[in-house]
Amino acid sequence: MARAGCAVGMCVVLAGCTSDGSGEPRESASAKKNSATASASPSPSPTPTEVVDISPARLPNTRAQATVLIRDVLPGPADFGPGAVRRPPYESDPRRWPVLGEDCVWEQRGLPKDVLATLTRSYEIPASGDRGPLRLSAVVTVHRTPEQADWENAEVLEEMMRCPEQMLRSDELITDLRNVPASFGESGNEFAEDSLTELGSYTGTAEGLGGVNPYIWEQTRIGQFTLAVSAKGVKGWSQADLFDRLRDPHVGMRSRLRGAIERDPSEPSGGAKDDTRDDRR
């Protein structure tokens with residue numbers, strides 16, 4: 001498929017950025033996204049899934065089904081390596097998600113109509129020796145269509161250009177944000193329709209966080225699903241250390257998602273998706 005992914009192609013539409021991108025992070029999903037902009041704009045062109053042979057019959061149709069799938073896909077603390085524990089609140093409110101406000105401050109709002117379900121988990125590797133407490137997160141979002149999930153990736157670029165400096169919380173700031181997007185087949189991306197790596201600087205003022213340190217947000221899209229992991233660096237942790245802690249959880253999430261939605265070899269192609277009504281409760 002000859003396609004420059006939406007996350008790259010939308011650069012021209014959003015602000016004429018270069019193809020190597022610059023983008024931004026999302027906190028709790030540990031993330032962010034304002035789908036009001038997306039729903040008001042034309043959607044990216046539909047594209048077939050090449051990474052996973054998705055079975056329509058295995059896709060979630062209701063919020064409840066999507067939430068069960070998300071919890072099956074999200075990693076546990078042990079997936080982040082030795083010493084990782086749950087950081088309270090361990091799971092986000094499934095009725096809300098993070099949105100970057102006009103003032104470049106993250107806030108929680110109700111789920112937009114294009115999102116079937118989303119959930120963020122928070123983790124921590126407690127301070128030890130000369131290393132501060134490392135804060136980590138993982139998030140899975142289920143959109144109603146692949147095109148809507150594609151828009152989520154495109155919004156990362158818009159958010160970074162609009163807010164190169166963002167307030168995650170009153171005591172957490174990310175700056176110097178840049179983004180490296182890769183469509184399927186580009187820059188070693190053989191595992192997702194689109195991949196985004198956000199890099200920047202993280203400043204936490206709480207005791208033990210140690211001033212300015214690296215920030216990483218990694219996100220991939222497979223069909224209507226986006227999967228992301230993030231790390232907020234603290235004293236004693238290098239950028240390479242952060243990438244090492246995020247690698248296995250991210251790979252594991254993609255593997256579990258494939259196992260949940262991939263077509264069984266015995267299943268005929270072109271199977272119709274169950275027409276169960278959406279549970280909007």
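Which hand does the disulfide of C104 and C163 have, left or right? In this predicted model, the torsion about the S-S bond of C104 and C163 comes out at about -75°, so the disulfide is left-handed. The count comes to one disulfide, and the sulfur atoms of C104 and C163 sit 2.0 Å apart. A disulfide, in general, is a covalent bond between the sulfur atoms of two cysteines.

As for where the two cysteines are, C104 belongs to the loop between β2 (96-100) and β3 (106-110), while C163 belongs to the loop between α4 (146-162) and β6 (166-169), so the bond ties together parts that are 59 residues apart in sequence. Both C104 and C163 are buried. For C104 the relative accessibility is 16%, and because buried means under 20%, C104 falls on the buried side. The backbone at C104 also deserves a look: its phi is positive, about 65°, even though C104 is not a glycine. So one loop residue, C104 between β2 and β3, combines a disulfide with C163 and a positive phi.

Another positive phi turns up at D176, again not a glycine, with a value of about 55°. D176 is located in a strand, β7 (residues 172-183). Staying with the backbone, P88 and P89 are joined by a cis peptide bond, with omega at about -10°. P89 is part of strand β1.

Strand β1 comes back in the aromatic part of the picture, as the home of Y90. A pair of aromatic rings is described by the distance of the centres and the angle of the planes. The structure holds two aromatic pairs. In one of them, the ring centres of F80 and Y123 are 4.4 Å apart and the planes meet at 40°; planes under 30 degrees apart would count as stacked and over 60 as edge-to-face, so this pair is tilted. The F80–Y123 pair links distant parts of the chain, with F80 in the loop between α3 (63-73) and β1 (85-91) and Y123 in strand β4 (residues 115-125), 43 residues apart. Both F80 and Y123 are buried.

In the other pair, Y90 and Y123 have ring centres 5.8 Å apart and planes at 85°, so the arrangement is edge-to-face. This pair also links distant parts of the chain, Y90 being in strand β1 and Y123 in strand β4, 33 residues apart. Y90 has a relative accessibility of 13% and therefore counts as buried. For Y123 the relative accessible area is 0%, so Y123 is buried too. Put together, the ring pairs link F80, Y90 and Y123 into a cluster.

Two further side-chain contacts round things off. One involves a charge and a ring: the charged end of R131 sits over the ring of W237, at 3.9 Å from the ring centre. The other is a polar contact of 2.5 Å between the side chains of S137 and S230. S137 lies in strand β5 (residues 134-143), and its relative accessibility is 3%, so S137 counts as buried.

Definitions and conventions: Residues are numbered from 1 along each chain as its sequence is written. This is a predicted model: local features need pLDDT of at least 70, side-chain atom pairs count only at pLDDT 80 or more; totals for chains, interfaces and linings use all residues. Side-chain values use heavy atoms; hydrogens and water are left out. Rings of Phe, Tyr and Trp (its six-membered ring) pair if their centres lie within 6.5 Å; planes under 30 degrees apart count as stacked, over 60 as edge-to-face and the rest as tilted. Helices (H or I, at least four residues) and strands (E, at least two) are DSSP runs, numbered from the N terminus. Buried means under 20% relative accessible area, exposed over 50%, partly exposed in between (1.4 Å probe, protein chains only). A charge sits over a ring if NZ of Lys or CZ of Arg is within 6 Å of the ring centre and within 35 degrees of the ring normal. A disulfide is a pair of cysteine sulfur atoms within 2.5 Å. A polar contact is a pair of N or O atoms within 3.5 Å; within protein, one must be able to donate a hydrogen and the other to accept it, and residues adjacent in sequence count only if both atoms are side-chain atoms.
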